[in-house]
Amino acid sequence: MSARGRFATGVGTLAAATVYLFTTTTRAGVLYYLPTRAEWTWSPPTGVIAMDWFARSHATLAVAAAATWAAWRWAPAEPKTCARWAGRLWPMSWLMLAWSAGYTALWLCARP
Amino acid sequence: MFWIKLGLVLHAVAAGALTGSVTHLALVVWRAHRGRPNPRLQRLYPAVALGCYLAVYSLGSAIYPRYRVAVRAEWLDEHAAWAAVLFDLKENLATLLGPLVLAAVVLSRAEDPARPSRALLGCATAVALGVWFNAVSGLLVASVRSV
């Protein structure tokens, strides 16, 4: 149970951090919200305030929940295998989270 | 305007409750790690934290567009750019904390309360530090035009 939990949450956290970093760095597939027009668009017009946070944030949280559930559901049956994978997944999750936070801080501070 | 103000106040109240719950969570998990577990609180605080996180997130999402236009675009970008950057940093950090809050809930229910894993210790500590950073940041940004 414990190893299964660590495995599932490790997968969920790593998947969420990966989605966050990918959508932040590439802006690929990000839906923008235009608050002055109350509209959603894939390609915001220039000179109009466009918010990409909603799509990025919702996608990150949705992937975290879905990946955690899926990993719990289809976790390896053997607890030792689960524990071994959890031991590999969590360091990668922390690394990806730190990378995401660091990239975000640098990106925001460098923004004109 | 009334609903936006009400949303902001409720957002702040929920953020206060979130800060309290994640701070207590970090403390009880560290205490359990040192051999003094409290199974009831180790399961209660993550659930409270998740509820508060969802409330803070939902209310923040509802008032964010108004902030982006009426506060940031019309005032902060010109007079206090540092506050606009700090606010965006806080919003993005809040997103990254979500998976850790979820992980804390799952781990607190899956593990033996007397032997919390390093993953749970890490989640509880990181979430507490992140939420405190966000609470202080939100207070600083909100105080730009007050004092």
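**Helix packing in chains A and B**

Okay, let's start inside chain A: helix 1 of chain A passes helix 3 of chain A in a left-handed crossing. Before I go on, keep in mind that this is a predicted model.

So, how do we put that pair into numbers? Two packed helices are described by the angle between their axes and the distance between those axes. Here, helix 1 of chain A and helix 3 of chain A sit with their axes 7 Å apart, at an angle of about 25°. Angles under 35 degrees count as roughly parallel, and that makes helix 1 of chain A roughly parallel to helix 3 of chain A. What does the contact between these two look like by class? The residues of that contact of helix 1 with helix 3 of chain A are 19 nonpolar, eight polar and two charged.

Now over to chain B. There are four helices in chain B and zero strands, so to speak an α-α-α-α run from the N terminus on. As for dimensions, picture a box of roughly 55 × 25 × 25 Å along the principal axes, filled by the C-alpha atoms of chain B.

Look at helix 1 of chain B, residues 2-33, against helix 2 of chain B: the angle is about 155°, and the axes are 8 Å apart. With over 145 as the cut-off for roughly antiparallel, helix 1 and helix 2 of chain B are therefore roughly antiparallel to each other. Their crossing is left-handed. In the contact of helix 1 of chain B with helix 2 of chain B, I get 24 nonpolar residues, six polar and one charged.

Helix 2 of chain B deserves a moment by itself. It covers residues 39-79, which is 41 residues, and a straight helix would reach 60 Å at 1.5 Å a residue. How far apart are the end C-alpha atoms of helix 2 of chain B? Only 50 Å. If you scroll to B:Arg72, you'll find a bend of about 55° in helix 2 of chain B.

Last bit: the two chains together. How many residues does each chain bring to the contact? Chain A brings 34 residues and chain B brings 26 residues. On the side of chain A that touches chain B, the elements giving two or more residues are helix 1 (2-26), helix 2 (53-73) and helix 3 (79-110) of chain A. Which of them gives the largest share? That's helix 1 of chain A, with ten residues. By class, this side of chain A has 20 nonpolar, eleven polar and three charged residues.

Okay, that's my tour. Over to you.

Note on methods
Residues are numbered from 1 along each chain as its sequence is written. Chains are lettered from A and ligands numbered from 1 in the order in which they are written. This is a predicted model: local features need pLDDT of at least 70, side-chain atom pairs count only at pLDDT 80 or more; totals for chains, interfaces and linings use all residues. Two residues are in contact if their C-beta atoms, placed from the backbone, lie within 7 Å. Ala, Val, Leu, Ile, Met, Phe, Trp, Tyr, Cys and Pro count as nonpolar, Asp, Glu, Lys and Arg as charged, and the others, Gly among them, as polar. Axes are lines fitted to C-alpha atoms, for helices over the stretch in contact, and angles run from 0 to 180 degrees between N-to-C directions. Angles under 35 degrees count as roughly parallel, over 145 as roughly antiparallel, 65 to 115 as roughly perpendicular and the rest as oblique. A crossing is left-handed if the near helix is turned anticlockwise from the far one by less than a right angle, and right-handed if clockwise. The expected span of a helix is 1.5 Å times one less than its number of residues. The bend at a residue is the angle between axes fitted to the seven residues ending there and the seven starting there.
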